[in-house]
Amino acid sequence: MKRNKTEQVRKLLEANPKIKTEDVCKKLGIAKSYAYVLMSKVRKALANEVSQKYEEIRQDLAQGRAKIRMQSAEQANNLPEGMTATEVEEIVADVSQAIAQHDAVNHPAHYTAGGIETIDFIEAKGLGYHLGNVVKYITRADHKGDRLENLKKAQWYLNREIEKSGK
C-alpha cells in the first residue's frame with residue numbers, strides 16, 4: 001500500500017510540481033505528516049533522476065564538443081548552415097546551464113540533504129519567518145557557502161525571534 005501511495009504522490013507531483021500538501025492529503029486521504037514524508041521522498045527521487053539525466057546529457061554534450069573541436073575545416077560543413085563550431089559550443093553551454101539551473105531552482109541540493117526538503121519541514125512545523133530562516137540557514141550550513149556565515153545568519157534570526165517573544 002505504501003508503494004501505491006508513493007506512486008500516487010509521484011503522479012500528482014509530476015502533473016503539478018507546485019501542488020500543496022493539503023491537496024495531496026485530500027486527494028489521497030492521508031495524514032499531513034505522511035504526505036510530507038511521501039512528497040519529500042518523491043521529490044528526492046525525482047531530483048536524483050534529473051541529476052542522472054543531466055549528467056548523461058552533460059557527458060553527451062562534452063563528447064559532442066570534443067568532436068566539434070577535432071573537426072577539420074572541411075568537416076565543419078556538417079554543422080547547420082551558417083553556424084560555426086564556436087556558436088554550436090555556445091548553444092551547448094547555454095543548454096547545459098539551463099538544465100543545471102532547473103534543479104537548482106526547484107529542488108536545490110543544499111535544501112534536500114537528509115531526505116526532506118527544508119521548506120517542507122518548516123511548513124509542517126508552522127515555524128514562521130524568523131524560526132523558518134533559523135532552520136534554513138542551519139540546514140544549509142554544511143552544503144552551501146560559508147558554514148560560519150550561515151550559522152551567524154541563523155543566530156541573527158534566532159536573536160530576532162527571542163527579542164520579539166520577550167516583548
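# Eight helices, term by term

Mentor: Start with one residue: E22 is partly exposed, with a relative accessible area of 35%.

Trainee: Why is E22 called partly exposed?

Mentor: Buried means under 20% relative accessible area, exposed means over 50%, and partly exposed lies in between (1.4 Å probe, protein chains only). E22 has 35%, so it is partly exposed. Before we go on, note that this is a predicted model: local features need pLDDT of at least 70, side-chain atom pairs count only at pLDDT 80 or more, and totals for chains, interfaces and linings use all residues. Residues are numbered from 1 along each chain as its sequence is written, and side-chain values use heavy atoms, with hydrogens and water left out.

Trainee: What share of the protein is buried?

Mentor: Buried residues make up 28% of the 167 residues.

Trainee: How many helices and strands does the protein have?

Mentor: Eight helices and zero strands. Both are DSSP runs, numbered from the N terminus: H or I over at least four residues for a helix, E over at least two for a strand. Along the sequence the pattern reads α-α-α-α-α-α-α-α.

Trainee: What makes the pair K32 and E22 a salt bridge?

Mentor: The term needs a side-chain nitrogen of Lys or Arg within 4 Å of a carboxyl oxygen of Asp or Glu. Between K32 and E22, the N to O distance is 3.1 Å, so the pair qualifies.

Trainee: Which parts does that pair tie together?

Mentor: K32 lies in helix α3 (residues 32-70) and E22 in helix α2 (residues 21-28), so parts ten residues apart in sequence are joined. K32 is partly exposed too, at 38% relative accessible area.

Trainee: How many salt bridges does a search of the whole structure find?

Mentor: Seven. R10, E14 and E49 are linked in a network of salt bridges.

Trainee: What separates K153 and E149 along helix α8?

Mentor: About one helical turn, because they are four residues apart in α8 (residues 147-166). The closest N and O atoms of their salt bridge are 3.4 Å apart. K153 has a relative accessible area of 29% and is partly exposed. E149 is partly exposed as well, at 44%.

Trainee: And what about K164 and E161 in helix α8?

Mentor: They sit three residues apart, again about one helical turn. Their side chains meet in a salt bridge at 3.6 Å, N to O.

Trainee: Is E161 buried or exposed?

Mentor: Its relative accessible area is 15%, so E161 is buried.

Trainee: How do you describe two packed helices?

Mentor: By the angle between their axes and the distance between the axes. Axes are lines fitted to C-alpha atoms, for helices over the stretch in contact, and angles run from 0 to 180 degrees between N-to-C directions.

Trainee: Then what is the relation of α7 and α8 to each other?

Mentor: Angles under 35 degrees are roughly parallel, over 145 roughly antiparallel, 65 to 115 roughly perpendicular, and the rest oblique. α7 and α8 pack at about 160°, with axes 8 Å apart. They are therefore roughly antiparallel.

Trainee: Which hand does the crossing of α7 and α8 have?

Mentor: Left-handed. That means the near helix is turned anticlockwise from the far one by less than a right angle; clockwise would be right-handed. Residues in this contact include Y129, L131 and Y137 of α7 and L151, Y157 and E161 of α8. Contact means heavy atoms within 4.5 Å. The residues of this contact divide into nine nonpolar, three polar and five charged.

Trainee: What makes a residue nonpolar, charged or polar?

Mentor: Ala, Val, Leu, Ile, Met, Phe, Trp, Tyr, Cys and Pro are nonpolar; Asp, Glu, Lys and Arg are charged; the others, Gly among them, are polar.

Trainee: What about α6 and α7: why are they roughly antiparallel?

Mentor: The axes of α6 (residues 118-125) and α7 (residues 128-140) come within 10 Å and cross at roughly 150°. They are therefore roughly antiparallel. This crossing is right-handed. T118, F121 and I122 of α6 meet G132, V135, K136 and T139 of α7. That contact divides into three nonpolar, three polar and one charged residue.

Trainee: Which residues of α6 are buried?

Mentor: T118, D120 and I122. A124 is in α6 too, but at 43% relative accessibility it counts as partly exposed. A124 and Y36 are 88 residues apart in sequence, yet 7.5 Å apart in space, C-alpha to C-alpha.

Trainee: What comes just after α6?

Mentor: G126, with a positive phi of about 60°.
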